[in-house]
Amino acid sequence: MGNSASVTLLNENSQEMNDADLEKVFRAHDADNSDSIDVAELGAILESLLAIKPSESTLKDLITEVDINNDGVLQLDEFLQLVRTGAHCGDPRRRALTPA
């Protein structure tokens with residue numbers, strides 16, 4: 001059917017973001033300093049980096065896909081996995097985040 005879109009996240013130097021860049025994004029959007037990213041914070045990240053605004057349900061699905069400890073939020077390692085693997089909520093046509 002359709003092709004999966006591919007997104008490359010760029011840093012301020014227009015270079016592909018590495019883990020250090022992504023950790024800065026994680027820390028900057030961890031509004032409550034909990035060392036985790038919740039649904040609202042993930043929504044803010046996707047809106048600021050990709051100019052997309054997924055539904056709360058989609059955000060929860062994205063978190064669930066990589067939430068290793070099942071606490072309902074993303075720790076840094078889970079966030080990095082989400083970005084690296086390009087979680088897609090079980091449906092490749094709904095791919096929300098796919099690094100190139």
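**A four-helix chain, seen from its core**

Let me begin with confidence: the protein chain averages a pLDDT of 81, and 74% of the residues score at least 70. What we have on the screen is a predicted model, and I will try to keep that in view throughout. Two stretches deserve caution from the outset. Over residues 1-6 the pLDDT stays under 50, and the model has eight contacts beyond four places in sequence for that stretch. Over residues 89-96 the pLDDT likewise stays under 50, and there the model has 22 contacts beyond four places in sequence.

Turning to the overall layout, the secondary structure of the protein chain comes to four helices and zero strands, so that, reading from the N terminus, the elements run α-α-α-α. The chain has 100 residues, of which 40% count as buried. Its accessible surface comes to about 5900 Å², with 48% of that belonging to carbon and sulfur atoms. If we take the contacts in the chain with a separation of 6 or more, 45% of them are accounted for by residues 24 or more positions apart.

Now to the interior. The largest nonpolar core has 21 residues, and the members that touch the most other members are L22, L42, L74 and F79. The elements that give two or more residues to this core are α1, spanning 19-29, α2, spanning 39-50, α3, spanning 56-66, and α4, spanning 76-85.

I would like to stay with F79 for a moment. Which residues is F79 in contact with, once its neighbours within four places in sequence are left aside? The list is L22, V25, F26, I45 and L74, and two of these names, L22 and L74, have already come up among the core members that touch the most others. F79 itself is buried, because its relative accessible area is 2%, which falls under the 20% cut-off for that label.

One of those contacts brings us to the aromatic residues, where a search of the whole structure finds one aromatic pair. The pair is formed by F26 and F79, and its geometry is tilted, with 5.7 Å centre to centre and 55° between the planes. Because F26 lies in helix α1 and F79 in helix α4, the pair ties together parts that are 53 residues apart in sequence. F26 also counts as buried, at 0% relative accessibility.

Let me move on to the helices one at a time, taking α3 before α4. The buried residues of α3 are T58, L59, L62, I63 and V66. Why do they lie on the same side of α3? They cover an arc of only 140° around the axis, and that is what puts them on the same side of the helix. As for what covers these buried residues of α3, it includes α2 and α4.

V66, which lies in helix α3, makes the link to α4 explicit in terms of individual residues. At 4% relative accessibility V66 counts as buried, and, not counting residues up to four places away in sequence, V66 touches L74, E78, Q81, L82 and T85. Relative to F79, V66 is 13 residues away in sequence and 7.8 Å away in space, taken C-alpha to C-alpha.

On α4 itself, the buried residues are L76, E78, F79, L80, L82 and V83. Which helices do they pack against? The buried residues of α4 pack against α1, α2 and α3.

Finally, a word on backbone geometry, since there are a few positive phi values that one may wish to look at on the screen. A51, which is found in the loop between α2 and α3, has a phi near 55°, a positive value in a residue other than glycine. Is A51 buried or exposed? A51 is exposed, with a relative accessible area of 69%. N70, in the loop between α3 and α4, also has a positive phi of about 55° although it is not a glycine, and at 66% relative accessibility N70 counts as exposed. Then, just after α4, G86 takes a positive phi of about 65°.

To close, I would return to F79, which is among the residues that touch the most other members of the largest nonpolar core and which, with F26, forms the tilted aromatic pair.

Notes: Residues are numbered from 1 along each chain as its sequence is written. This is a predicted model: local features need pLDDT of at least 70, side-chain atom pairs count only at pLDDT 80 or more; totals for chains, interfaces and linings use all residues. Side-chain values use heavy atoms; hydrogens and water are left out. A nonpolar core is a set of buried Ala, Val, Leu, Ile, Met, Phe, Trp, Tyr and Cys residues joined through side-chain atoms within 4.5 Å. Buried means under 20% relative accessible area, exposed over 50%, partly exposed in between (1.4 Å probe, protein chains only). Contact means heavy atoms within 4.5 Å. The arc is that of the directions from the helix axis to the C-beta atoms. pLDDT is the predictor's confidence in each residue, from 0 to 100. Accessible areas come from the Shrake-Rupley method with a 1.4 Å probe; for residues, only the protein chains shown count as cover. Rings of Phe, Tyr and Trp (its six-membered ring) pair if their centres lie within 6.5 Å; planes under 30 degrees apart count as stacked, over 60 as edge-to-face and the rest as tilted.
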